[in-house]
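Let's take a quick tour of this protein together. Have the sequence and the 3D view open, and follow along topic by topic.

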Amino acid sequence: MRLPTLISSVLGTAYLVAALPAANIEARGTCGSFAPAGFCPASPTSTGPSSGPSSTPGSCTNPTIRKEWRTFSVDEKKAFLSAVKCLGSKPHNWDLVQSNTGPDIPNMMTDPSISMYDDMVFTHIDLNHHIHSTGWFFPWHRWYLNVYARLLTTQCGYTGALPYWDWTQDAADFEHATFWDADPNSGVGTWGNPNNDYQIEDGAWGLNSGFKLHYPSTHAIRRQFTPQPYLQFPRPYLLADVNLLANETFTKDRLDASLFGFDGDFQGFQKSFQDYQGPHAGVHLMVGADLTGLCPGNAPASCVPGESWSPNDPLFFMHHAMVDKTWYDWQNRASNKYLFQGGSTQMLDSLASYDAYPLGSAPWLSSTSILPTGGWARFDTKSSVAIQDLFDTQNGYLCYTYQ
Ligand SMILES: *[C@@H]1O[C@H](CO)[C@@H](O)[C@H](O)[C@H]1NC(C)=O
């Protein structure tokens, strides 16, 4: 364990923001594809909302219906869990690219132990500084989940839908929730063994299941129940209450406050939901260890913990499906669907900069900004994906709904 450095950079490392390749960023602020020619200022100074329907053609006549994990039958659970395990045995994607460097970004690995699952983890590590507390947060993670779903299908023959994890059902007694299921075929596993670096030893992905992660060192999934993670939070000035129990951040009431309180206000909605003491971060931090992004005990001394590592626990994708569902639910209220705004640079160094730029600062993003996709185009159905391709989950590029 590296408790002194615990969550030293969880959910936002601000000190090092490597630049994305300039071509990947469209820095035109409020100027989307619908702005009249000559309308866009060269250097926008504010983050106004940008909006407009997706221009993606295509059809989606039979959308996949993503369901809550506990509504899956035992057979559906088995199929999903084994497909994820399968991805952990598929070879490295040789198209994968590293775009960023920094103390918390290890070099991309390509040795034979590296699986396509590890590659997905790496893409999140590589882009960590761009995709959290910026305008990329919701659209980029929607794209990421979609690629993950495609990989499960195309690489591992999975025919079902992605599950989401409605953690509001578990907030009251998170540690002992029925979600934690030790069944070796149909369970996601329980908590890790404190005497073995918090690696989980049960469920379909446990220590002896063969499912192994390789960033930043070889280990099985690690989970450490952490009821008060904010006590060790590196940026207490961003918190309202350092003593808060993390389960207070993802109750039904708290989620509803984000979902229903910000119609017409994309920035307010994202900030409320993605805030350190909001539902997104609270779940990451309470599960601890891998989902929080802590370094395994056998990690190199150079390991810098942070949210970058968090997809090491496949619960990441079930959690983020719930995150995506929340955006989807918000989009389907009032006229929120095509609302978007934000910058591409994290501003977490001080409360003042975070308050001024809760969704990041310049370069500004617009609905036509092209996502950084890390070398997954060959596995996707679109070679270049813009934010506006991700507003509508049934536009033909995307084709799913939530139940
Ligand atoms: C949070 O969890 C604790 C037990 O760990 C429980 O006593 C408390 O009631 C929970 N809070 C909510 C809002 O459910």
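Before we get to the sheet, one bit of vocabulary: two strands pair if DSSP finds at least two bridges between them. Keep in mind that you're looking at a predicted model. In it, the protein chain has 9 helices and 5 strands, and 52% of its 403 residues are buried.

**The overall layout**

- Reading from the N terminus, the elements of the protein chain come in the order β-α-α-α-β-α-α-α-α-α-β-α-β-β.
- Take the contacts in the protein chain with a separation of 6 or more: 70% of them link residues 24 or more positions apart.

**The sheet**

- Three strands make an open sheet with the order E2-E1-E5, and the pairing is parallel.
- Strand E2 (163-164) and strand E5 (400-402) sit at the edges with a single partner strand each, so one side of each has no neighbour in the sheet.
- Strand E1 (residues 64-68) runs parallel to E5, and 3 bridges join the two.
- If you want to spot one of these partnerships, look for arginine 66, whose bridge partner in E5 is tyrosine 402.

**Helix H3**

- Does the length of H3 add up, and what should its 20 residues span? At 1.5 Å a residue they should span 28 Å, and the end C-alpha atoms are 27 Å apart, which agrees.
- H3 is mostly covered, with 14 of its 20 residues buried.
- Right after H3 comes glycine 157, which has a positive phi of about 70 degrees.

**Helix H5 and its neighbours**

- Which residues of helix H5 (residues 266-274) are buried? They are Phe266, Phe269, Gln270, Ser272, Phe273 and Gln274.
- Those buried residues of H5 pack against four helices that you can find in the view: helix H3 (137-156), helix H4 (252-260), helix H6 (279-287) and helix H8 (315-331).

**Around the ligand**

- The residues surrounding the ligand are Ala171, Ala172, Asp173, Pro227, Leu245, Asn247, Glu248 and Thr251.
- Sort that shell by type and you get 4 nonpolar, 2 polar and 2 charged residues.

**Cis peptide bonds**

- The peptide bond from tyrosine 215 to proline 216 is cis, with omega near -5 degrees.
- You'll find proline 216 in the loop between E2 and H4.
- Another cis peptide bond joins alanine 362 and proline 363, and its omega is about 0 degrees.
- Proline 363 belongs to strand E4 (residues 361-364).

**Positive phi without glycine**

- Serine 133 isn't a glycine, yet its phi is positive, at about 55 degrees.
- Serine 133 lies in the loop between helix H2 (116-131) and H3.
- Is serine 133 buried or exposed? A residue counts as buried if 20 or more other C-beta atoms lie within 10 Å of its own. Serine 133 has 30 other C-beta atoms within 10 Å, so it is buried.
- Tyrosine 198 is also a residue other than glycine with a positive phi, near 60 degrees.
- Look for tyrosine 198 in the loop between E2 and H4.
- Tyrosine 198 counts as buried because it has 23 C-beta neighbours inside 10 Å.

Conventions:
Residues are numbered from 1 along each chain as its sequence is written. This is a predicted model: local features need pLDDT of at least 70, side-chain atom pairs count only at pLDDT 80 or more; totals for chains, interfaces and linings use all residues. A residue is near a molecule or strand if its C-beta atom, placed from the backbone, lies within 6 Å of it. Ala, Val, Leu, Ile, Met, Phe, Trp, Tyr, Cys and Pro count as nonpolar, Asp, Glu, Lys and Arg as charged, and the others, Gly among them, as polar. A residue is buried if 20 or more other C-beta atoms lie within 10 Å of its own, exposed if 12 or fewer, and partly exposed in between; C-beta atoms are placed from the backbone. Two residues are in contact if their C-beta atoms, placed from the backbone, lie within 7 Å. The expected span of a helix is 1.5 Å times one less than its number of residues.
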